[in-house]
Amino acid sequence: MKRLLLGLVGAAVLSLAAAPQAEAQQPKRGGHFNFAISAETPQYDPHGSDTYATLHFSSPFYSTLLRYNLSKFPEIEGDLAKSWTVSPDKLTYTFTLHDGVKFHDGTPFTSEDIKATYDRLRNPAQGVVSNRRATFADIASIETPNPTTVVFKLSKANSSMLDHFASPWNTVYSAKDLASDPNFPRTKVNGTGPFTFVEHVKGSHVAGKRNDSYFKKGLPYLDSYRGIFTLQAAAMLNALQGGQVLAEFRGVSPADRDRMVAAMGDKLRVEESSWTLNLLVLFNTEKPPFNDVRVRKALLMAIDRWGGSQGLSKISTLRAVGGVVRPGSPLATPEAELVKLPGFSKDIKAARAEARKLLKEAGQEKLKFVLWNRNLAMPYTPAGIFLVDQWRQIGVEVEHKQSDTGPYIAAMRSGNYEVAIDFSNLFNDDPTLSLTKYLSASKNPLNLARYDDAEIDKLYELQLRETDLQKRRAHIMALEKRLFDQAYQQPLLWWHRIVLSHKTVMGWKMSPSHNLGQDLAEVWLNQ
Amino acid sequence: MANAPQVISANSFVLPKRPNPVLSFVRQQPMGAVSFIVIAIMMFAGLFPQLVAPYDPLSINFSSILAAPSWDHWLGTDAFGRDILSRIIYGSRTALVIGFASSLMGSTIGAVLGIASAYFGGRVDNWIQRFVDILLAFPIIVLALVVVAALRKTVVYGVDVNLVIAIAIPIVPRVARVVRAAALSVNVMPYIDAARAAGYSDMRIIFRHMAPNVVAPFLIMFTAFIAQAILLEASLSFLGLGVTEPTAAWGLMLSGNAADFFREAPWMIIFPGVAISLAVFAFNLFGDSLRDYLDPRFKT
């Protein structure tokens, strides 16, 4: 009896203590939210983009067919799809869509819009860029039996297909807009997302206001928001400290985190995660002398990734050494295997001696070139400084050229570069997603190294169709070996994500990808 | 006898000994001499940094990240473990090359415009001066920012030519205005009238007769603007529009990781800041001293 009494009192105390907290967690409607975006997108269309700058700009205006449930990542849930079924042979995906959804211009949303969007993604018209073209190559047809049903029929079973449908890059556009201009979404905004577009002031901000017709009842919570472009990290941190912005969702460096914690104390929320993002060393394989595998391989072998990882992790967001799949994820190459691949040796002296030998054989002992990089302080600048230092150690002279995202992407796409620091911006650990970047250039606009390699394409296909995990891992490792032996492009280091926000910002969910969960629908302010 | 004219022998007339100009400058302008020594040291460091710098300025050493000043690293190290003293020494080359080149380019173009404006007068003078007015309406840093953003980067022999042009352009109107004022007083001299009467060409009169007489203000402006150019280069690099990492440059040393770690490692910003201040102070002081020494109006 005494125990029961104590138990009841304890339960009462706990419930009393929990009550205000539960009340505090009740979302509040209204308010204006300012957040920082540390790069400005050169255009608005996520289909043709790989930079988070486009997603942080555009996501609040759009919906996707499926999406990740960030509370249970990597579980997938519906967005415009109310439900879906997959046939036993995994060749037919049938989606039932939400009814009564409207685009911001008032046009009703139907299955025709899904068809137009996915036709654009898998088979873009002349002059339209779709970076997701290769991931939807297995779609044989898209049928729309009625306005709320869409059926995707595949030519081959694809174990990554649901992940592709949940990609945040596949923003759904109006068929009417695409019919009027296939490039409509590059410069104009008309989605079904929780916020409607208000303005984009170049060099300053993007603004949105609540979409009162949003199909998810009760959402969004905020009245309006403004994404402020803060290209300088110091400016962003000062704005965060001063309350001009309440969050930055991409990530900051360890030094910035420490500084902000010291300055803001318990007003600041710090969330950390490993990151599905890496920087790559990229060679333009069409430009001499980088059309010579010996030169490319020598440059990769000169990089001390293991030493660099230890040093750079103290001053930047770069941390883990890994191959083409995120280190630590189920299909990643184990370290014992990784160190056998070119560019990952722990005996850096021997690797550099070999690198010098290769350069001599190629007649490139006094190699000079320009290294293209983005002018984002974190972690592009530290990576550039590191690479210049590493290559100087084998007698190579490098000019480090940093530019804005727009000219940088234009140079990469047009092949107007020699060597570059590229990025692989993933949103999950599915190997198909990360390997797509390495497919032949003729099949894949994401391949900026501009090579065609039938063996890589074959291994990609084998891993894509393989259902046995061990066999799939073997195919992935074979692809990785081929890629690194040919030294077309190679991950430099993987990132570590640190997100800072004011504690008044509620409802936003941390994930291993800064591309996910940026529609702001569930964000609210506890003020 | 007492009224007899005094005969002075030609042999007894002794011309006063002309003082050594360097010694005279040192005696009259001791602060100028000191600033010249500072400039000379900087120039030596900039010309032969490999003889002076204890470390490679670009060499990363992750085992000594953010090391405080010590016997191994007199001015400490930065976030990449690079020796700050060595980067300051190599940075003096960047500062001086861009400072000298920009100031020379801006001052020369400004001087030519100023003399032409004074010599031709009338409509030419009016057009040049309105152009100068337009350029003067922009603050130096804003004008340089616009030019550097518009021109992008073009590296020739390790020097960003467009950065030099961007820094030179704001110097042009300032020198043109001062040189025009000096040239106007030269333009009314009889020897210019004589040259015109003799039928000399305009170019000959400008370059042979007028230009040598405005050398003093030109030199003064040139040295003073070296300091301005160094400061401007540092500002543009700080703003990410000048030279890029990992080049050793003073302004650049104040940005990037220095901003991230200035609390833990204040030496990352203090010493490059001191180097910039010292260089600017030395060039300004030397320019002032040169003006006081060369311009007869300042002689007492």
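**Two chains, term by term**

Modeller: Let me start with chain B: 43% of its 300 residues count as buried. The model is a predicted one.

Colleague: What makes Phe36(B) buried?

Modeller: A residue needs 20 or more other C-beta atoms within 10 Å to earn that word. Phe36(B) has 21 of them, so it counts as buried. You will find Phe36(B) in helix α2 (residues 30–47) of chain B. A partner from far along the chain is Leu285(B): 249 residues separate the two in sequence, yet their C-alpha atoms are 8.7 Å apart.

Colleague: How does the radius of gyration of chain B compare with that of a compact globule of 300 residues?

Modeller: The globule would come out near 19 Å, whereas chain B has 24 Å. The C-alpha trace of chain B spans about 95 × 55 × 30 Å along its principal axes. Chain B holds 13 helices and 2 strands.

Colleague: And chain A, what does the globule rule say there?

Modeller: For 527 residues the rule gives a value near 24 Å, and chain A has 24 Å, so the two agree. Its C-alpha trace spans about 75 × 60 × 55 Å along the principal axes. In chain A, 51% of the residues count as buried, and there are 17 helices and 18 strands.

Colleague: How do you know which residues of chain B are in contact with chain A, and how many are there?

Modeller: The test is whether the C-beta atoms of two residues, placed from the backbone, lie within 7 Å. By that test, 19 residues of chain B are in contact with 23 residues of chain A. Helix α12 (residues 257–261) of chain B supplies the largest share of chain B's side, with 4 residues. That side divides into 10 nonpolar, 5 polar and 4 charged residues.

Colleague: Which domains does the assignment give for chain A?

Modeller: Domain 1 covers 61–180 and domain 2 covers 277–496. Their C-alpha centres lie 32 Å apart. In domain 1, 14 residues are in contact with 14 residues of domain 2. The domain 1 side of that contact has 5 nonpolar, 6 polar and 3 charged residues.

Colleague: Let's turn to the sheet of chain A in the order β4-β5-β7-β6. Why do β4 and β6 of chain A stand at the edges?

Modeller: The 4 strands form an open sheet with antiparallel pairing. β4 (81–86) and β6 (139–146) of chain A each have a single partner strand, so one side of each is left without a neighbour in the sheet. From one strand to the next, the twist averages 20 degrees.

Colleague: What makes β6(A) and strand β7 of chain A a pair?

Modeller: Pairing asks for at least two bridges between the strands. β6(A) and β7 (residues 149–154) of chain A have 5 bridges in the antiparallel sense, so they qualify. One of these partnerships joins Ile139(A) to Leu154(A) in β7(A). Helix α3 (residues 111–122) of chain A packs on the sheet and touches β5 (92–97), β6 and β7 of chain A. The direction of α3 makes about 170 degrees with that of β6(A).

Colleague: In what sense does β10 of chain A pair with β1 of chain A, and in what sense with β9 of chain A?

Modeller: With β1 (residues 32–37), β10 (residues 224–229) of chain A pairs in the parallel sense over 6 bridges. Here Phe35(A) stands opposite Gly227(A). With β9 (residues 205–210) of chain A, β10(A) pairs in the antiparallel sense over 5 bridges, and His205(A) has Ile228(A) as its bridge partner.

Colleague: Why is Lys90(A) called partly exposed?

Modeller: Exposed means 12 or fewer C-beta neighbours within 10 Å, and buried means 20 or more. Lys90(A) has 15, so it falls in between and counts as partly exposed. Lys90(A) is found in the loop between β4 and β5 of chain A, with a positive phi of about 60 degrees although it is not a glycine.

Colleague: And what is the verdict for Ala487(A), buried or exposed?

Modeller: With 25 C-beta neighbours inside 10 Å, Ala487(A) counts as buried. Its phi is near 55 degrees, a positive value in a residue other than glycine. Ala487(A) lies in the loop between α17 (469–486) and β16 (489–502) of chain A.

Colleague: Which residue does a cis peptide bond join to Pro74(A)?

Modeller: Phe73(A), with omega about 10 degrees. Pro74(A) lies in the loop between β2 (66–68) and β3 (76–78) of chain A. Another cis peptide bond joins Pro288(A) and Pro289(A), with omega about 0 degrees.

Notes:
Residues numbered from 1 in each chain as written. Chains lettered and ligands numbered in written order. Predicted model: local features only at pLDDT ≥ 70, side-chain atom pairs only at ≥ 80, totals over all residues. Domains from an automatic or database assignment. Nonpolar A, V, L, I, M, F, W, Y, C, P; charged D, E, K, R; others polar. Rg over C-alpha atoms; globule rule 2.2 N^0.38 Å. Axes fitted to C-alpha atoms, helices over the stretch in contact; angles between N-to-C directions.
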